[in-house]
Amino acid sequence: MWHILGAGSLGTLWATRLARAGLPVALILRDSARLNSYQQAGGLTLIEQGQPQHYPIPAQTPDHRQPIQRLLLACKAYDAANAVSQLAPRLAPGAEILLLQNGLGSQDEVARAAPQARCIFASSTEGAFRQADFQVVFAGHGHTWLGDPQNLQPPSWLADLQHAGIVHDWSLDILSRLWRKLALNCAINPLTVLHDCRNGELQAHPAQVACLCSELSELLHTCGRSAAAENLHDDVQRVIQATAANYSSMHQDVRQGRRTEIAYLLGYACDAAQRHQLVLPYLQALHSQLLARLAARGLPSH
Ligand code: NAP
C-alpha cells in the first residue's frame with residue numbers, strides 16, 4: 001500500500017499514476033474538513049493534454065489507525081516534519097518515507113521526526129499545478145531521481161514506479177543532485193521576485209547572475225559538493241533561456257500571496273555559508289532583500 005500525504009500538485013500526480021497502474025493507494029488528508037471536501041469531489045482529477053481523468057482514490061485523515069509501510073510525503077518543505085511527526089505512531093517497523101520536497105533541510109527534519117524509518121530523497125523536474133481543489137494539471141514531463149545517502153541499495157518498489165510510468169533513476173549521489181537544484185533555484189528564483197519578471201528577463205541582468213553563480217560555486221566546493229558546482233553558470237544560463245517565458249515557482253508563490261520555501265532554498269544556502277564561516281556578500285544581500293520583499297507583502301520569512 002502506498003500512503004500519500006498531501007493531495008496537492010505532486011501528491012495528485014503520483015497518486016493518480018500509481019492508482020491507474022492498479023497499485024493500492026490511500027491518500028492522507030489534513031483533517032476531517034479536507035476529507036469531507038474530498039469526498040464531495042468524489043476523488044482526484046488529473047488533466048493531461050487537456051483531458052481530465054477522474055480517480056476515486058480512498059482517503060483518510062492522519063489519525064486513522066492503519067499502519068504505514070510506505071509513505072510518499074507530498075507536502076511543502078515547511079510542512080514536512082510536522083506532518084511526519086503526526087504519523088510517527090502509525091509507521092510500521094522498517095517503514096520507508098519518500099520525500100518529494102524541493103530544497104534542503106526538510107529531509108533532516110523528517111529524519112529526526114521519524115528516526116525509525118528509512119528516508120529516500122527525491123529530486124524531480126516534473127511539473128504540475130492545482131487548477132482547483134483536487135484537480136491537477138500535469139504541466140511538464142520530466143525525470144525524478146531517487147536516492148538514500150545512508151543506504152545505496154535501491155528499494156524493491158522501484159518496479160512499481162516503472163509500472164506506473166513515473167520516469168525515474170536511482171541516484172548514488174542524490175545529495176549532489178539536491179544541492180545542484182538548490183543552487184539553480186538560488187541563482188534564478190529570488191532575482192525573478194526582486195525584478196518582478198519572467199525567467200528570461202534575467203538575461204538583462206548578466207552581472208548579477210554571474211556573481212551569484214560564482215558565490216554559489218564557492219559554497220558548493222566548501223560544502224564538499226564539487227560535482228554539483230561543475231558548469232553551474234552555463235547551466236543557469238541554459239535554464240534561463242529554456243524557461244524564458246515562465247514565471248519561477250517562487251515568483252508565482254509571492255504573486256499569489258502564498259508562503260514560499262525560502263528557508264529551504266536561499267535561507268539554507270546562507271546558513272550553510274555561515275556554518276563554514278564563508279563570506280558571500282551577493283548571496284547574503286540577495287537573502288536580505290528577498291526577506292524584506294516578503295515582509296512587505298506580509299509573507300513569512302521561513
Ligand atoms: P502543493 O500543491 O501545495 O501541495 C501540498 C499538499 O500538502 C497540499 O494539498 C496540502 O494540503 C498538503 N499538506 C500539507 N500539510 C499536510 C498535513 N499535515 N497533512 C495532510 N496534507 C498536508 O505543493 P506541491 O506543488 O505538490 O509541492 C510539494 C513539494 O514538491 C514542494 O516542496 C515543491 O517545491 C516540490 N516540487 C513541486 C513541483 C510541482 O510542479 N508542483 C515540482 C518539483 C518539486 P491542503 O490542500 O489542505 O493545503
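This passage walks through a predicted model of a protein with its ligand, from the overall fold to the ligand site and then to several individual residues.

The protein is built from 12 helices and 12 strands. Its radius of gyration is 19 Å, close to the 19 Å that the globule rule gives for 302 residues, so the protein is as compact as a globular protein of that length. Along the principal axes, the C-alpha atoms fill a box of roughly 50 × 40 × 35 Å. Of the 302 residues, 53% count as buried. The exposed surface of the protein comes to about 13800 Å², and carbon and sulfur atoms supply 48% of that area. Contacts that reach far along the chain are well represented: when residues at least 6 apart in sequence are considered, 68% of their contacts join residues at least 24 apart.

The ligand is a natural place to look next. There are 27 residues around the ligand, and those that come nearest are Leu10, Arg30, Arg34, Ala128 and Glu261. Two of these arginines offer side-chain polar contacts. An N or O atom in the side chain of Arg30 lies 2.9 Å from an oxygen atom of the ligand, and for the side chain of Arg34 the distance to a ligand oxygen atom is 2.9 Å. The backbone takes part as well, with a polar backbone atom of Leu100 placed 3.4 Å from an oxygen atom of the ligand. On its own the ligand would expose 900 Å², of which the protein buries 85%. Helix 1 (9-20), helix 3 (77-87) and strand 9 (127-132) are the elements that give two or more residues to the surrounding shell. Helix 3 supplies the largest share, with 4 residues. By residue type, the shell around the ligand divides into 11 nonpolar, 8 polar and 8 charged residues.

Leu10, one of the residues that come nearest to the ligand, sits in helix 1. With a relative accessible area of 21%, Leu10 is classed as partly exposed, because the cut-off for a buried residue is under 20%. Beyond its neighbours within four places in sequence, Leu10 is in contact with Ala74 and Leu100. Leu100 is also the residue whose backbone makes the 3.4 Å approach to a ligand oxygen atom. Leu10 and Phe138 are 128 residues apart along the chain, and their C-alpha atoms are separated by 9.1 Å.

Ser171 occupies the loop between strand 12 (168-170) and helix 6 (174-194). At 8% relative accessibility, Ser171 counts as buried. The side chain of Ser171 makes polar contacts with the backbone that follows: it reaches the backbone nitrogen of Asp173 at 3.1 Å, while the backbone nitrogen of Ile174 lies 3.3 Å from a polar atom of the Ser171 side chain. Setting aside residues up to four places away in sequence, Ser171 touches Trp145, Leu146, Gly147 and Arg177. Gln289, by contrast, is 118 residues away from Ser171 in sequence and 35 Å away in space, C-alpha to C-alpha.

A second serine, Ser217, belongs to helix 7 (residues 206-222). Ser217 is buried, with a relative accessible area of 17%. A polar atom of the Ser217 side chain lies 2.9 Å from the backbone oxygen of Cys213. Apart from residues up to four places away in sequence, Ser217 touches Ala229 and Leu232.

Helix 11 (residues 266-275) is mostly covered, with 7 of its 10 residues buried. The buried residues are Leu266, Gly267, Tyr268, Ala269, Cys270, Ala272 and Ala273, and they pack against helix 6, helix 7 and helix 12. Just after helix 11, Gln277 takes a positive phi of about 50°.

His287 gives a residue-level view of the contacts between helix 11 and helix 12. His287 is placed in helix 12 (residues 281-296) and is buried, with a relative accessible area of 16%. Not counting residues up to four places away in sequence, His287 touches Ile262, Leu266, Gly267 and Cys270. Among these partners, Leu266, Gly267 and Cys270 are buried residues of helix 11.

Technical notes
Residues are numbered from 1 along each chain as its sequence is written. This is a predicted model: local features need pLDDT of at least 70, side-chain atom pairs count only at pLDDT 80 or more; totals for chains, interfaces and linings use all residues. Side-chain values use heavy atoms; hydrogens and water are left out. A residue is near a molecule or strand if one of its heavy atoms lies within 4 Å of it. A polar contact is a pair of N or O atoms within 3.5 Å; within protein, one must be able to donate a hydrogen and the other to accept it, and residues adjacent in sequence count only if both atoms are side-chain atoms. Accessible areas come from the Shrake-Rupley method with a 1.4 Å probe; for residues, only the protein chains shown count as cover. Ala, Val, Leu, Ile, Met, Phe, Trp, Tyr, Cys and Pro count as nonpolar, Asp, Glu, Lys and Arg as charged, and the others, Gly among them, as polar. The radius of gyration is taken over C-alpha atoms; the globule rule is 2.2 Å times the number of residues to the power 0.38. Buried means under 20% relative accessible area, exposed over 50%, partly exposed in between (1.4 Å probe, protein chains only). Contact means heavy atoms within 4.5 Å.
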